[in-house]
Amino acid sequence: MIVIKLGGSVITDKEKDSHFNKRITYRLAEEIASAGKKVLIVHGAGSFGHPQAKRYRLNEGFVDKKRQVEGISLTHFSVRVLNLKVMEALRHAGIPAVSIPPFPFIDESFIEKAKVAVKDGLVPVTFGDVVLDGNVSIISGDILMEIFAREFEVERAIFVTNVDGIYEDPLRKETLIRECTVKELEKVFFKGNAGADVTSGMAGKVKSIKEIAYSGVEVDVINGRKPGRLKDAINGIVAGTRVRKNE
């Protein structure tokens with residue numbers, strides 16, 4: 001089983017509100033289908049969820065509940081719109097995908113629904129969303145990747161991004177890390193490399209990548225804007241960064 005995160009930076013244009021990158025997403029869906037492997041799919045929200053969540057400060061908890069109720073509805077609606085578009089792409093590629101939203105919160109039933117779907121030959125698809133569990137917060141696709149990697153027998157986790165992989169210095173292409181251990185990855189991102197988060201958006205993923213690799217699952221980070229790379233990664237050939245699993 002392989003768990004795949006289709007990053008919001010790839011399937012949407014983050015510079016334009018609610019802009020779906022249809023051509024890229026349909027091509028990625030075809031690559032998943034043609035690889036012929038059992039997969040679980042997570043996708044980010046990109047320009048469909050982040051603007052609303054930021055506007056209503058949903059990541060801060062309830063700070064103005066009366067106003068934020070509208071923000072919760074708008075954010076959830078927006079990510080569901082994107083999810084439907086992703087589902088259409090997957091269905092077009094012949095993938096028997098079923099949507100399993102994390103809203104209103106993640107519990108045992110969320111995992112059980114995904115497991116039942118897999119058992120019956122379906123492909124679960126979930127996504128970053130707003131969640132409610134006594135408060136309001138945002139659950140990212142990266143955290144959902146951690147959950148899937150922990151709850152299923154996963155051999156590989158693939159993060160599909162808009163960059164070629166993880167860089168020691170994101171401003172210098174020659175510093176692309178081709179392969180590393182989790183400890184080597186920590187040295188790169190915890191030595192004051194503030195630019196990584198701003199330039200590549202990768203530093204925020206490191207915690208999830210670490211958790212997945214420490215759990216015994218290999219992690220690959222690839223550029224989904226480059227044709228063929230996702231299919232190759234699913235088949236074990238990585239043109240990007242491979243984080244070796246913790247043995």
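Two strands pair if DSSP finds at least two bridges between them. Helices (H or I, at least four residues) and strands (E, at least two) are DSSP runs, numbered from the N terminus. The model here is predicted, so local features need pLDDT of at least 70 and side-chain atom pairs count only at pLDDT 80 or more, while totals for chains, interfaces and linings use all residues. Residues are numbered from 1 along each chain as its sequence is written, and side-chain values use heavy atoms, with hydrogens and water left out.

**Exercise 1. The sheet and its edges**

Task: Find the bridge partner of Glu179 in E12, then place E10 in the sheet.

Solution:
- Step 1. Glu179 has Arg242 as its bridge partner in E12.
- Step 2. E10 and E12 (residues 240-243) are paired in the parallel sense, over two bridges.
- Step 3. Now look at the whole open sheet: its eight strands follow the order E3-E4-E2-E1-E7-E11-E12-E10, with mixed pairing.
- Step 4. E3 (97-99) and E10 (179-180) are at the edges with a single partner strand each, so one side of each has no neighbour in the sheet.
- Step 5. Next comes a helix: H5 packs on the sheet and touches E2 (39-43), E3 and E4 (123-127), where contact means heavy atoms within 4.5 Å. The direction of H5 makes about 150° with that of E4. For such angles, axes are lines fitted to C-alpha atoms, for helices over the stretch in contact, and angles run from 0 to 180 degrees between N-to-C directions.

**Exercise 2. Two helices that cross**

Task: Describe how H5 and H6 meet.

Solution:
- Step 1. Two packed helices are described by the angle between their axes and the distance between the axes.
- Step 2. The axes of H5 (residues 108-119) and H6 (residues 141-151) come within 11 Å, crossing at roughly 65°.
- Step 3. On the H5 side the contact is made by Phe110, Ile111, Ala114 and Lys115, and on the H6 side by Leu144, Ile147, Phe148 and Glu151.
- Step 4. Sorted by class, these residues are six nonpolar, no polar and two charged. Here Ala, Val, Leu, Ile, Met, Phe, Trp, Tyr, Cys and Pro count as nonpolar, Asp, Glu, Lys and Arg as charged, and the others, Gly among them, as polar.

**Exercise 3. Backbone exceptions**

Task: Where do Pro104 and Ser18 sit, and what are the omega and phi values there?

Solution:
- Step 1. Most residues other than glycine have a negative phi, and most peptide bonds are trans.
- Step 2. Pro104 lies in the loop between E3 and H5, and the peptide bond from Phe103 to Pro104 is cis, with omega near 5°.
- Step 3. Ser18 lies in the loop between H1 (8-11) and H2 (22-35); its phi is positive, near 55°.

**Exercise 4. Far in sequence**

Task: Which residues does Arg229 contact, leaving aside neighbours within four places in sequence?

Solution:
- Step 1. Arg229 is in H10 (residues 229-234).
- Step 2. Its contacts are Glu31, Asp164, Ile222, Asn223 and Ala239.
- Step 3. Arg229 and Leu28 are 201 residues apart in sequence, yet 9.2 Å apart in space, C-alpha to C-alpha.
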